[in-house]
Amino acid sequence: MHYGKKIRNSQRMALLAGTAALSLLLAACGNQGNSGKNTPVERSTAPPAVVDPATAGSVFGVVRLDGPAPPARKIIMSGDSACTAANQEPPTSQEVVTDAQGNLANVVIYVKGGIGNFSFAIPKAPVEMNQQGCMYVPHVAAVMAGQTVVFHNADKTTHNIHPQPKNNPAWNRSQSPGAPAIEESFSREEIAIPVMCNVHPWMRSYLAVFNHPYFAVSGAGGAFEIRNLSPGNYTLEAWHEKYGTLSQPLIVSAKQAVRVSFVFQAAAGTGR
Amino acid sequence: MSSAYHPGLHRFSLVLLACTFLLLIAGALVTSNDAALAVPDWPLSYGTLTPPMVGGIFYEHSHRVIAAGIGFLTIILAVWTWLAESRRWVRWLALAALGAVILQGVLGGLTVLLNLHYGMPIAHACLAQIFFGAVMGMALFTSRWWISDQPSVPDSGSPSIHSFALFNAATVFLQVILGAGFRHKSIPIWPHILGAFLVAATVTWTALTLRHRFGNVREMKLARILINSVFGVQFLLGIAAWASRLVTADAPQPMPAMVALTVIHTVTGALTFACSLLVVMLCYRLVPRSSEAAMVSTRTEAAIS
């Protein structure tokens, strides 16, 4: 009898301990969504890069899609009347955006190799990411590690901003209509982080994070430019969310503006 | 079976079973609509009990509300069973169901707070099925059929039908884990496909054994037909759900056909697991285990001599 009581007491203690552990775990997780802030950029021991403006060159060009772009699919926003009201016509998917000549927008072009082991100053100006008409604007953006990204909500509905990184801490924060802007940063290089809104599952953007400033995102005409490159041999890469990556060698001579082009094959698209 | 039949408790268990099935649908809708993190906080939703019910918030918050209701019903079931039921193991099962639903709530919260990491969504999905099985057990064990005397059916085969049924249920549950792993993007599709063929083999093997050994036992016949039918439908649904994923892979959002098929596939998976548990329960109810049969035989011999 006494032994049985002892067993019951120990079971009770185990239950209490388990409950307390779970409570602590929950408390540690917080209850207001979780932020990726307080993840300072990893300090580099590399010497700061010095670029001589007298010799610095640049690279510019156009990204094209060879072959017909897939038809732009209309987005069904019927789950939220504020989203349908914010758009006169249903918006289309931003996955593949080309102009009449097949020039491809939303491609991240960046120097992948040849920069050497240098550290670079983080730009003080933030990169702005808006939620407008229940779409992320811009669809693709690029930042330096540690650079601030400011998220705005211009819509009359609630969004949640949910990046899904593989190399950075994940976070998920809600933003009601009229709520203050949310400022976050990413501490490690990653190409590219999908940013979702789970309230509106069609909302998806990409943020590319670099340890250096030599990157650009192609605009509506597929054009891009990367400036202030020291003369040298590099590898230039282009990343697209559907078509993957393309690489090519790049030689920059003193004061030279090098023209390059990237051509993605439409048939190579595999979807996400 | 010496326990008294409590029709109210049995009916209440059936109501809870039906509500739990609704909860499974609500949970599957959350995943299929990519809405699990539409509400970033927990246990409240956007700091309130009444968030704006738009987009993904509708699915996630509805799931939480239904789950809270199920939790409340399970508390009633546990207290009622503890007060009315004389079988100690049934009382403990009711308490275990309550423990499972509380743990399930905590896992749901952790799924949100830990951003779907650390296998939380998989654990949440699998425990849901265990809870569903436990509530089904409560509904069966409190039924008039279970409590009333049933003719004992001897099993002369080897391995025993209990072993077959348990192995089958364990294989189906393994497939549940693999399915949840794929659905929550932790593993590729091929282990789940492999699992489907493994389950096809164990279900067929179990059904054939049931037919061979207990072909004239009505309950066994019904259970055999049930698990075969449900698994057959589930197998076809799996193919359809996968095809719908492939066809809509380039769509900018979860498309209704994909959502419908993956939700139906998920809840039919829960039904398949429940059916496999039902076969186990029926075997233990109707077929004496070898040790029990030996004991009965010894007693009979002793009585004759």
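Tutor: Before we start, a salt bridge here is a side-chain nitrogen of Lys or Arg within 4 Å of a carboxyl oxygen of Asp or Glu. Keep in mind that this is a predicted model.

Student: Okay, so how many salt bridges does the structure hold over all chains?

Tutor: Eight. One of them joins the side chains of A:Glu237 and A:Lys112, at 3.6 Å from N to O.

Student: Which parts of chain A does that pair tie together?

Tutor: A:Glu237 lies in strand 14 and A:Lys112 in strand 2, so the pair links parts that are 125 residues apart in sequence.

Student: And are those two buried or exposed?

Tutor: A:Glu237 is buried, with a relative accessible area of 7%, while A:Lys112 is exposed at 55%.

Student: In which sense do strands 2 and 14 of chain A pair?

Tutor: Antiparallel, over five bridges. Within that pairing, A:Val111 sits opposite A:Leu236.

Student: What about strands 14 and 15 of chain A, how many bridges there?

Tutor: Nine, again in the antiparallel sense. The two strands form a hairpin, with three residues between them. A:Asn233 stands opposite A:Ile251 in strand 15.

Student: Switching to chain B: what does B:Arg64 form a salt bridge with?

Tutor: With B:Glu60, the closest N and O atoms being 2.9 Å apart. Both lie in helix 2 of chain B, four residues apart, about one turn of the helix.

Student: Why does B:Arg64 count as buried?

Tutor: Because its relative accessibility is 13%, and buried means under 20%. B:Glu60 is buried too, at 6%.

Student: Which residue does B:Glu85 pair with in a salt bridge?

Tutor: B:Arg87, with the closest N and O atoms 2.7 Å apart. Both of these residues, B:Glu85 and B:Arg87, are buried.

Key:
Residues are numbered from 1 along each chain as its sequence is written. Chains are lettered from A and ligands numbered from 1 in the order in which they are written. This is a predicted model: local features need pLDDT of at least 70, side-chain atom pairs count only at pLDDT 80 or more; totals for chains, interfaces and linings use all residues. Side-chain values use heavy atoms; hydrogens and water are left out. Two strands pair if DSSP finds at least two bridges between them. Buried means under 20% relative accessible area, exposed over 50%, partly exposed in between (1.4 Å probe, protein chains only).
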